[in-house]
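Please open the structure in your viewer and keep the sequence panel beside it, since each stop on this tour begins with something to select. The tour goes from one selection to the next, and at each stop the text says what is found there.

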Amino acid sequence: MRNLCATVLTVLFAFTSAYSALVAHWDFSDQTYNDQIGSLNGSAVGTVSIVPSGNYRFDYALQTTASANNANYLNIGNIGSLGIYTNSFTLSYWFKASQATVDAGSGEVWESYSGNSSVGYEGIQSVLRKTSQSSAGKLYSVVAENGTTSTALLNNGVLADDNWHWIVIRYDGATDELKYFEDGVHIAYRDQTRIASLATEAARDARLGDGFGGLIADVRIYDAALSFTTDANSVVTGGELSEFYSGLPAALVAHWNFDGESYEDRVGSNDGQPLGACSIVPSGNGYFTNAVQTGSTRNSDVFNVGTLANLNLSTNGFTLSYWIKHDPFVNAAGFVDVFESNAQSMGMRTTLRASNISSPNRAYTSIEGLDGADELLNGGTMADGEWHWVVIRYDGETDTAHYFEDGHFYDTEVGIFTLTDGARKVYIGNGFDGLIGDIRIYNGPLSYTLNDSNDIVGGELDAINVPVTDDVDDDGIPNTWEELYFGNLTGAVPGDDPDADGHNNEAEYIAGSDPTDPASYFAAYFKADSSLEWNAVSGRVYSIYWSSDLISGFQCLESNVVWTGSNFVDAAHSADSQGFYRVDVRFE
């Protein structure tokens, strides 16, 4: 035998941060409140904890109990010790909170602010707005100059949506410019000058999550204004800021699954409005319980789900995922709409083509840009009485649309998509006369990996295509087996014998044989050397029984023979002139 020797090579090296200006960093990676760069270790006040973040960029996050101010927070030093001063600074942090959490607490993410109208204000305060306030859900960051009533209000989008968001407040002391960023986008209209001198109260405490209730993570402070470059859409694409930010993962911003026979949006506030002949029915699909069914009258029977702006279907990127079921068209004219947000030669529209049009029974998605050019995304036959999964994925960075049907990549178009009319309504199933289920909208392009056959085998798209039950028709035969042999989740009736080999579907499932092949079934054979053999299948165990006359009953000779053994020698009855054997099979 040749001995194998494994050599472990350990390489030691010195590491210097690319950001010499990083003076404080709390990432909670060691599940402590310690500053990972300097000596500004945090001090917990009240109910404060470190919890898993659920974000791939950082493992842990800070959570404080929702409350009024001055009760639950992490004290991380003061303005002077943190380097947030008159020279230059960059403050960067991530947070996550729902509107309900904000309403229950203070909404304060960052607090290093003091003063009043009489003596003036100074410092920085970042607070999520409550439902009772104007601009509910927006993050208001106030930066106040030393000892004056002059303040800069930094804000942009609604961020109290239970998703992670990245905030950067950047001050350049050389130019006296204050710049604000949300989720990697420079909010240029909020730029300010002569507003961020923080000099008079350097000893002021800085607090994280004072009564916040949500999560805060990866808090960084630099004593310089980090460099950055942006593209035409103000997205950070270069410079020091871009090096520790690679874009937000796409978030689910709308989801209609019709559970509880409700039209409400499960993750947002875009509750659907059923119009005309529109109802919720059982789906018969293992991936979701219910579906919406609309009638056949166009512009009357429809499920209205809001507008393009509300749904975050924009030029930045999105993923639209839904399931459809429609019978084949017979002598039908025209088309029916699955998804419609098209008007004045702009937008997106998916239709099923009727029998009098070329490529009948296929779904055609038209995407029209500002120039009126109409690009088509399409795949295989969809109107066949079965459920089909459709995904339209748009990547705003590359201006590329991708089209998938039933987990297979079919088509792509480049340089064609611009959505400028955010008020345009979005209709689901306009005169569709079929079923639509599990409608999902993400605010970015979901990742995916394909095999050599262009089928989805990994990534975020693969993760959302998961059955809600292993046996949708509750017949004892799992979805995976029925789909493998019958092409759908309900096709295998347990007592039927479609290949007429004498073994019904239930028996073939247990035995591990092919219910569509008459030559595939479970069988055992007696050999001249008094041994039994059978066609063993992985994951099964076998028991052998013997009877002398079929009247007195069977006695067990051997039980629980694992599938790796496919024979048994019966030495006890080798001299008998007559006998009968029975071999039973069951799951391991």
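Begin by selecting residues 22-26, which form strand β1, together with residues 215-222, which form strand β16: in this predicted model, the two strands pair in the antiparallel sense over four bridges. To see one of these pairings in detail, pick A24 and look across to β16, where the bridge partner of A24 is I221. Strand β1 is largely enclosed by the rest of the structure, because four of its five residues are buried.

With that pair still on screen, it helps to step back and show the whole protein chain, which has six helices and 41 strands. Of the 588 residues in the chain, 48% are buried. The chain exposes about 26500 Å², and carbon and sulfur atoms supply 47% of that area. If you display contacts between residues at least 6 apart in sequence, 61% of them join residues at least 24 apart.

Next, select S53, which is found in strand β3, residues 48-55. Is S53 buried or exposed? With a relative accessible area of 4%, S53 is buried, because the cut-off for that class is under 20%. Turn the view until the side chain of S53 is visible, and you will find that it reaches the backbone oxygen of F58 at 2.3 Å. Leaving aside neighbours within four places in sequence, S53 is in contact with several residues, including F58, D59, Y60 and A61, and W164 and L215 are also among its contacts.

Two asparagines come next, and both can be coloured by their backbone angles. Select N299 in the loop between β22 (288-294) and β23 (302-307); its phi is near 65 degrees, a positive value in a residue other than glycine. N299 is exposed, with a relative accessible area of 59%. Then move to N454, which lies in the loop between β34 (449-450) and β35 (456-458). The phi of N454 is likewise near 65 degrees, and this too is a positive value in a residue other than glycine, while N454 is partly exposed, with a relative accessible area of 33%.

For the following stop, show the strands β36, β37 and β40, which form an open sheet in the order β36-β37-β40 with antiparallel pairing. The edge strands are β36 (524-526) and β40 (567-569), each of which pairs on one side only. From one strand to the next, the twist averages 15 degrees. Strand β37, residues 531-534, pairs with β40 in the antiparallel sense over three bridges, and if you select E533 you will see that it stands opposite N567 in β40.

A further open sheet of three strands can be selected by its order β39-β38-β41, again with antiparallel pairing. Here the edge strands are β39 and β41 (580-587), and each pairs on one side only. Neighbouring strands of this sheet are turned by 20 degrees against each other on average, direction ignored. Between β38 and β39, which run antiparallel, there are five bridges; choose Y542 to follow one of them, since its bridge partner in β39 is V561.

Stay in this region and select D549, whose place is in the loop between β38 (540-547) and β39 (555-562). D549 is partly exposed, with a relative accessible area of 34%. Which backbone atom does the side chain of D549 reach? It reaches the backbone nitrogen of I551, at 3.0 Å. Not counting residues up to four places away in sequence, D549 touches Q578 and F580. Although D549 and Q578 are 29 residues apart along the chain, their C-alpha atoms are separated by 7.9 Å.

The last selection is a pair of cysteines, C278 and C556, which you may show one after the other. C278 counts as buried, at 14% relative accessibility, whereas C556 counts as partly exposed, at 41%. How many disulfides are there? The count comes to zero, taking a disulfide as a pair of cysteine sulfur atoms within 2.5 Å.

Technical notes
Residues numbered from 1 in each chain as written. Predicted model: local features only at pLDDT ≥ 70, side-chain atom pairs only at ≥ 80, totals over all residues. Heavy atoms only, no water. Buried < 20%, exposed > 50% of the residue type's maximum accessible area, 1.4 Å probe, protein only. Contact = heavy atoms within 4.5 Å. Polar contact = N/O pair within 3.5 Å; in protein donor to acceptor, adjacent residues only side chain to side chain. Pairing = 2+ DSSP bridges. Axes fitted to C-alpha atoms, helices over the stretch in contact; angles between N-to-C directions. Areas by Shrake-Rupley, 256 points an atom, 1.4 Å probe, with all protein chains shown as cover.
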